[in-house]
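Please walk through this model with a focus on its sheet and on its aromatic side chains.

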Amino acid sequence: MTPGSATDGAQDRGDRPEIPTRLLVHALVREDGTVDAGGLYTVAGRLGMTDQQVRLCVKRLVTEGRFTQEGRGRKATLRAVADVTGSLAPDAAYVRHAYRQDAGLAPWDGVWHLFAFAVPEARRTARDALREHLLHLGAAPVQSGLYVTANDVTGLVEAQARHLGVLDTLSHASSTDLRVGEVTEPRALAAALWPLPEIAERHERLAAFAASRLARLSAEPEPSSAERLTTAVELAAHFTAAMDPDPLLPPELLPAPWPGSRARRLAAACWAALDGTGTAGDAPAPRLFALYDEALRPADGSG
């Protein structure tokens, strides 16, 4: 049995994140905006997806006007009508901040940032959208309508409140003295406010996956192009699953050692080993590689 065989791939499914077929199609969009259906079916098979799943997904994407299709079956070429490749790519500024924290380039200033709002029930949709935005930015609820972050995201929160038309309901304060009940020590506050064990577990899964794939990428015989491209898609999904719910708390507030730092280091090394793969002959590379190159650019002290 060779390392790139379908049976071998099936044995690894236990450590794979859930990847919807639609996101797989998006991940395989190349620099010229096309998707090779042959490669799509091959990678989908390695991920445990059936040909029928792929056919139905492609049909829906074409019906929705997101892609056009030339040819049929595995010989077809899909062409993206709009840029859909951000589905498995992280926000570059967000990820770069994480790597700057890991490198000790973004120390915490000891300031907590608090946000409160009281949006009337008549504007429930705007209220829910503002709450989700705060949570997405890493804020934790302290009590009803009051949220706290360790990172200064004031500009982003105010911009969203202004966009939703509820800026007049938003209050903001900064303090170096935060007390929740009887808890005042910063690390204890972070442990009480954020689900750190769950966040750490996601990073442990990312680290384990990246470490296993790094070993495989350096093994003999060299992994096939299809296997390397499959790994890139899996790595992107694992990275998103770990990073999306991570509030990026400063290291000063986290248990040491923190698995997020190790996971991101291994992910960057794995991505570097994969970079430039997944192509055949003169075929353009998936756009996903360029997006991750941008996001995982090493922290160097610049903005």
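In which sense do strand β5 and β6 pair, and over how many bridges? Strand β5 (residues 140-143) pairs with β6 in the antiparallel sense, over 3 bridges. Strands here are DSSP runs of E with at least two residues, helices are runs of H or I with at least four residues, and both are numbered from the N terminus. Two strands pair if DSSP finds at least two bridges between them. This is a predicted model, in which local features need pLDDT of at least 70 and side-chain atom pairs count only at pLDDT 80 or more, while totals for chains, interfaces and linings use all residues. Residues are numbered from 1 along each chain as its sequence is written, and side-chain values use heavy atoms, with hydrogens and water left out.

Within this pairing, Ala-140 has Val-148 as its bridge partner in β6, and Gln-143 stands opposite Leu-146. The two strands form a hairpin with 2 residues between them. Gly-145, in the turn, has a positive phi of about 80 degrees.

On to the rest of the sheet. Strand β4 (residues 112-117) pairs with β6 (residues 146-149) in the antiparallel sense over 4 bridges, and His-113 is found opposite Thr-149. The result is an open sheet of 4 strands in the order β5-β6-β4-β7, with antiparallel pairing. β5 and β7 (170-175) stand at the edges with a single partner strand each, so one side of each has no neighbour in the sheet. From one strand to the next the twist averages 30 degrees.

Helix α6 (residues 124-136) packs on the sheet and touches β4, β5 and β6, where contact means heavy atoms within 4.5 Å. The direction of α6 makes about 170 degrees with that of β4; axes are lines fitted to C-alpha atoms, for helices over the stretch in contact, and angles run from 0 to 180 degrees between N-to-C directions. Helix α7 (residues 154-164) lies across β4 and β7, running at about 175 degrees to β7.

Now the aromatic rings. Rings of Phe, Tyr and Trp (its six-membered ring) pair if their centres lie within 6.5 Å; planes under 30 degrees apart count as stacked, over 60 as edge-to-face and the rest as tilted. The count comes to 6 aromatic pairs. Phe-239 and Tyr-292 have ring centres 6.0 Å apart and planes at 75 degrees, so this pair is edge-to-face. Trp-271 and Tyr-292 form a tilted pair, 4.5 Å centre to centre with 35 degrees between the planes. Ring pairs link Phe-239, Trp-271, Phe-289 and Tyr-292 into a cluster.
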